[in-house]
Amino acid sequence: QEYSNKRRMEVEVGYCSKDIGEDCLNVLVDIVNEAYTFGEGDLFGPSFQRTSAEGLRELIDKQQLLVMFTSQTLEETTINDNNSTPTMSEMEIAVRHSYLPHCPEELVGCMKLVIHEPSTKDQQEADVAEGGVAVGKELRRGEVGCFAIRTKNRSGGLGRILLQVGEDEARRRGCDVCELQLLYPLHQPHPVKDRLRVWYSSRGYEKVYSDEFSKHFPSKADILKLESGFDIFFKRLNTGIE
């Protein structure tokens, strides 16, 4: 592909400030819901919403939401065969930490990062008894989720940058592994989920657990219209972990 215009695109990533305005918060809600509707909306009913303003506000109040935004207005770039965002090879990316998006137009994406402390054997057994999963609970884990890039900015490498920043932050905070989960239909192929598996693998993630969704989340299973499973993936951040 040949691009008629090339420009420097600078993005910033940081924990979202509690002072975020309602307009920016609502845009983040839309970014997440649009991404998840695209990726797994067919697993749910037509009224499916991955998150809400209240849900993101809870993450923000706990300093668990990383936000990616650009300090420059994204110029239109004419491409010979489509109008997608240029790939990493066509962009110079500068990533720095910041806290507060200043206007909705600057928002590019977001991702939650929840730090889980290691649990004792007794705590793990109690968790399993309540339907939880014990795998990796002896480790300090950085759980990644609510991962979304704005529709017009997808396929340009920004998701890779955002995930890398999250992994670096989890490592800085002493995590042994990064953890993410993948929901998928049990009895039929799903191209988006299949691509995600390949992408996670290319990023160094390994599947460590797989089971039926309803077995562990019975109270949420009725919102699914397809029988589904979920996988847990770990990426080792501490080279001493086996």
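The legends below accompany an overview and several close-up views of a predicted model.

**Figure 1. Overview of the predicted chain and the order of its elements.** The chain has six helices and eight strands, and from the N terminus on these elements run β-α-α-β-β-β-α-β-α-β-α-β-α-β. Of the 242 residues in the chain, 49% are buried. The accessible surface comes to about 12700 Å², and carbon and sulfur atoms account for 48% of that area. When the contacts with a separation of 6 or more are considered, 83% of them join residues that are 24 or more positions apart.

**Figure 2. Confidence along the chain, with two stretches of low pLDDT.** The average pLDDT of the chain is 81, and 80% of the residues score at least 70. Over residues 1-8, however, the pLDDT is below 50, although this stretch has 24 contacts in the model beyond near neighbours in sequence. The pLDDT is also below 50 over residues 73-96, a stretch that has 63 contacts in the model, again beyond near neighbours in sequence. Where pLDDT is low, the predicted coordinates should not be read in detail.

**Figure 3. Close-up of the aromatic pair formed by Phe147 and Trp199.** The structure holds eight aromatic pairs. One of them joins Phe147 and Trp199, whose rings are stacked, with 6.2 Å from centre to centre and 15 degrees between the planes. Because Phe147 lies in strand E5 (residues 141-149) and Trp199 in helix H5, this pair ties together parts that are 52 residues apart in sequence. Both partners can be found at the surface in part: Phe147 is partly exposed, with a relative accessible area of 22%, and Trp199 is partly exposed at 25% relative accessibility. Trp199 also forms an aromatic pair with Tyr200, and here the rings are tilted, with 6.0 Å from centre to centre and 50 degrees between the planes.

**Figure 4. Close-up of Tyr200 and the aromatic cluster to which Tyr200 belongs.** Tyr200 is part of helix H5, which covers residues 191-202, and with a relative accessibility of 8% this residue counts as buried. Once the neighbours within four places in sequence are left aside, Tyr200 is in contact with Leu180, Leu182, Tyr205 and Phe233. The C-alpha atoms of Tyr200 and Phe233 are 8.2 Å apart in space, while the two residues are 33 residues apart in sequence. Phe147, Trp199, Tyr200, Tyr205 and Phe233 together form one aromatic cluster.

**Figure 5. Two close-ups in which the charged end of an arginine sits over the ring of a tyrosine.** In one view, the charged end of Arg50 sits over the ring of Tyr36, at 5.0 Å from the ring centre. In the other view, the charged end of Arg197 sits over the ring of Tyr184, at 4.5 Å from the ring centre.

**Figure 6. Close-up of helix H2 and the elements against which its buried residues pack.** Helix H2 covers residues 53-61, and its buried residues are Leu56, Leu59 and Ile60. These residues lie on the same side of H2, because they cover an arc of only 100 degrees around the axis. The partners against which the buried residues of H2 pack are helix H1 (22-40), strand E2 (65-70), strand E4 (107-116) and E5.

**Figure 7. Close-up of two residues, Gln63 and Cys146, that have a positive phi without being glycine.** Gln63 comes just after H2 and takes a positive phi of about 55 degrees, and its place is in the loop between H2 and E2. With a relative accessibility of 40%, Gln63 counts as partly exposed. Cys146, which is not a glycine either, has a positive phi of about 50 degrees, and this residue is placed in strand E5. Cys146 is buried, with a relative accessible area of 2%.

How values were computed
Residues are numbered from 1 along each chain as its sequence is written. This is a predicted model: local features need pLDDT of at least 70, side-chain atom pairs count only at pLDDT 80 or more; totals for chains, interfaces and linings use all residues. Side-chain values use heavy atoms; hydrogens and water are left out. Helices (H or I, at least four residues) and strands (E, at least two) are DSSP runs, numbered from the N terminus. Buried means under 20% relative accessible area, exposed over 50%, partly exposed in between (1.4 Å probe, protein chains only). Contact means heavy atoms within 4.5 Å. Accessible areas come from the Shrake-Rupley method with a 1.4 Å probe; for residues, only the protein chains shown count as cover. Rings of Phe, Tyr and Trp (its six-membered ring) pair if their centres lie within 6.5 Å; planes under 30 degrees apart count as stacked, over 60 as edge-to-face and the rest as tilted. A charge sits over a ring if NZ of Lys or CZ of Arg is within 6 Å of the ring centre and within 35 degrees of the ring normal. The arc is that of the directions from the helix axis to the C-beta atoms. pLDDT is the predictor's confidence in each residue, from 0 to 100.
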